[in-house]
Amino acid sequence: MNIVTEGKQTKKRTIPGFGLTMGFTLLYLTIIVMIPLSMVFLNTFSMGFQDFWATITEPRVLASYKLSFLTALTASFVNAVFGVLIAWVLTRYEFPGKRIIDGLVDLPFALPTAVAGITLTTLYSPNGWIGQFFSFKVAFTPAGIIIALIFIGLPFVVRMVQPVLENIEKGMEEASASLGANRMQTFIKIIFPELIPAILTGFALSFARALGEYGSVVFIAGNMPFKTEISPLIIMTKLEQYDYEGATAVAAVMLIITFIILFTINILQWWTGKRYSGK
Amino acid sequence: MSIIIENVTKYYGSYQALRNIDLEIKSGELVALLGPSGSGKTSLLRIIAGLEQAENGKILFNEENYTHKHVKDRNVGFVFQHYALFRNMTIFDNIAYGLKVRPRKTRPSKEVIEEKVTELLQLVKLEGYKDRYPSQLSGGQRQRVALARALAVEPNVLLLDEPFGALDAKVRKELRRWLRRLHDEFNVTSVFVTHDQEEAMDVADRVVIMNEGKIEQIGTPEEVYDHPENPFVYDFLGSVNLFKGNVHKGKLVTGNVEMNAPGSEDGAGTGYVRAHNFIIEREPAEKDSIASIVDHIHTIGPIVRIEVIRQDTNEPLEIELTKEQYLNLEISKEERVFVRPKELKVFVDFMAGI
């Protein structure tokens, strides 16, 4: 009898434990993500709408939002393009030192961001090793911020795209070639569509990371109000002045905008993935 | 379009996949490359397609040298074992792909493409599926789409790599008949790779039997089955029984029986007898009657497979009878019978004395 009832249960789902795993997921996300994030909003509510509005529409804050989002978007866009290129080289070709280059990709994750910031500033300052070759200033301008953000966001797209590229069925490319397509057509029509979901995920991760980045940027940015002052720095400044409500207000606005952008990317990704998953 | 393969050799590292292959395929022929896995049949097909390059030798299409032409310029239709459909495209776009990627000068207009694809969809009986994605189709349907996609570019030759290998037995049979009809209708030179001898025999005009990177025999299905040129071919096509022994004055002596082997050279040799080329009797008739004990009886549809053990050497023999013959005999397990080969082919052992 026991065997019969057990058989019935496993029919519904091959791996049991939906209740347990779902419960754990909710609890975990609540403790790790939801509670800390709601503190931001709770803190903000205590300041009243007028103060809140005045804080977040302050010209210096607005300028920082604009700078933060634009530099993060540019950096993650650059990472998306070159990340695909690096992933391509690492999966498609065999060359000496391939393992070393593969390992190098992850380094920006391991390096303390302050170290990265100081190093980049030294290199890109007007008389630095790399900076001297540019006719315009790189460090202490938005261009410098973008470079720091590219540095810290590099691994995301590479690591997202690499496994997908490795698993693309070779037959599809061969079929494309046998039907008369040249390499460019095969890449654009066959390979690239397969990579889109992975590129979007990598882009989203890189973007989210870049928005919140503080350590590496403050060194290379120069932190001039209205010009090279990023939002996380504004938040830090406010905290140092014991203006907790002000800091959380700025943070809350960033959170909302970030969430909207990430949510849009997720929808886009779900839509591209759905098209050929056959569901 | 005829295909001539001259002295083709292929290595994978130090492993030699193809050894000096020579093969001529006539225009409009349907040829099967048949062999066990690792025999080099797929490598040969991929070299004909241009998906791989031979180290040595030449590939000629209609007597024109195609050896160094890129696969995209060879105008071959290639069908893969695992379909290799473009999963981000609808069935319609999959079939239209080969026409759409042509350079602007030779690309047909949208209307012409649409017409052509619709025609092909009718041919493969998938008219209602043009807006679906490959993942929504069954294996047999996917392979039909792959065929339509290959035919859309009006290829010089159609190359199929184990096209029905991933399908179940019934669909497989249906599709190979359909492939034969399609081939006759389009009259395109076709080469297909298979490890299934029944499939090769059923569909092909000629069968090329390959083993360890070389061609063992080329011929029509009847020729290779009825007149195998060497032990490998004999062994590979259908179940066969071996009688190891010595040939002396036109007789093969094995165990304590003597079999007629006219025309065979004296020396160590092996007799080959197909499972269906035996007579089972209750009494010994000639010197070649082998006293045996019935060990197993399996009925497989219209065929009855009987395993007997030779009493002289204790070796098993596999015999196939029709159901009718079996019922007339009225034999059962453990019974003593006499087995006589109807047809015997002796190959002298090259390995003798080693």
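In this predicted model, 19 residues of chain A are in contact with 20 residues of chain B. That meeting place is a good spot to start a tour of the structure. On the chain A side, helix H9 (170-178) and helix H10 (183-212) of chain A are the elements that give two or more residues to the surface touching chain B. H9(A) supplies the largest share of that side, with 6 residues. Sorted by class, the side of chain A that touches chain B has 8 nonpolar, 7 polar and 4 charged residues.

**Chain A**

Let us now look at the first partner as a whole. How many helices and strands does chain A have? There are 13 helices and 0 strands in chain A. Its radius of gyration is 23 Å, well over the 19 Å that the globule rule gives for 279 residues, so chain A is more spread out than a compact globule. Along its principal axes, the C-alpha trace of chain A spans about 70 × 60 × 30 Å. Of the 279 residues in chain A, 32% count as buried. Contacts in chain A with a separation of 6 or more can be split by distance along the sequence, and residues 24 or more positions apart account for 77% of them.

One residue to look up in chain A is A:Val218, which lies in helix H11 (residues 215-221) of chain A. Is A:Val218 buried or exposed? A residue counts as buried if 20 or more other C-beta atoms lie within 10 Å of its own. A:Val218 has 22 other C-beta atoms within 10 Å, so it is buried. Not counting residues up to four places away in sequence, A:Val218 touches A:Gly117, A:Asn223 and A:Leu233. A:Glu229 is 11 residues from A:Val218 along the chain, and the C-alpha atoms of these two are separated by 8.3 Å.

**Chain B: domains and sheet**

Turning to the other partner, chain B is divided into domain 1 (3-232) and domain 2 (239-348). The C-alpha centres of these two domains of chain B lie 40 Å apart.

Chain B contains an open sheet of 4 strands in the order E2-E1-E4-E5, with antiparallel pairing. Which strands form the edges of this sheet? Strand E2 (15-25) and strand E5 (64-65) of chain B do, as each pairs on one side only. As a general point, strands of a sheet pair through backbone hydrogen bonds, either parallel or antiparallel.

Two of the pairings can be followed in detail. Strand E1 (residues 3-12) of chain B is joined to E4(B) by 5 bridges, and the two run antiparallel. Strand E4 (residues 56-61) of chain B also pairs with E5(B) in the antiparallel sense, over 2 bridges. Some of the residues that face each other are listed here.

| Residue | Opposite residue | Strand of the opposite residue |
|---|---|---|
| B:Thr9 | B:Asn56 | E4(B) |
| B:Leu60 | B:Asn65 | E5(B) |
| B:Phe61 | B:Glu64 | E5(B) |

E4(B) and E5(B) form a hairpin with 2 residues between them. In the turn of that hairpin, B:Asn62 has a positive phi of about 50 degrees.

**Chain B: a covered helix**

Another element worth finding is helix H4 (residues 139-152) of chain B. At 1.5 Å a residue, its 14 residues should span 20 Å, and this agrees with its end C-alpha atoms, which are 20 Å apart. H4(B) is mostly covered, since 11 of its 14 residues are buried. Among the buried ones are B:Arg142, B:Val145, B:Leu147 and B:Leu151. What covers the buried residues of H4(B)? The cover includes strand E6 (76-79), helix H2 (91-100), helix H3 (110-123), strand E7 (157-161) and helix H5 (169-186) of chain B. After H4(B) comes B:Glu154, whose phi is positive, near 45 degrees.

**Chain B: a buried valine**

A last stop is B:Val31, placed in strand E3 (residues 30-34) of chain B. With 22 other C-beta atoms within 10 Å, B:Val31 is buried. The C-alpha atoms of B:Val31 and B:Asp205 are separated by 5.9 Å, although these residues are 174 residues apart along the chain. Leaving aside neighbours within four places in sequence, the contacts of B:Val31 are B:Ile25, B:Val191, B:Ala204, B:Asp205, B:Arg206 and B:Val208.

Conventions:
Residues are numbered from 1 along each chain as its sequence is written. Chains are lettered from A and ligands numbered from 1 in the order in which they are written. This is a predicted model: local features need pLDDT of at least 70, side-chain atom pairs count only at pLDDT 80 or more; totals for chains, interfaces and linings use all residues. The radius of gyration is taken over C-alpha atoms; the globule rule is 2.2 Å times the number of residues to the power 0.38. A residue is buried if 20 or more other C-beta atoms lie within 10 Å of its own, exposed if 12 or fewer, and partly exposed in between; C-beta atoms are placed from the backbone. Two residues are in contact if their C-beta atoms, placed from the backbone, lie within 7 Å. Domain bounds come from an automatic or database domain assignment. Ala, Val, Leu, Ile, Met, Phe, Trp, Tyr, Cys and Pro count as nonpolar, Asp, Glu, Lys and Arg as charged, and the others, Gly among them, as polar. Two strands pair if DSSP finds at least two bridges between them. The expected span of a helix is 1.5 Å times one less than its number of residues.
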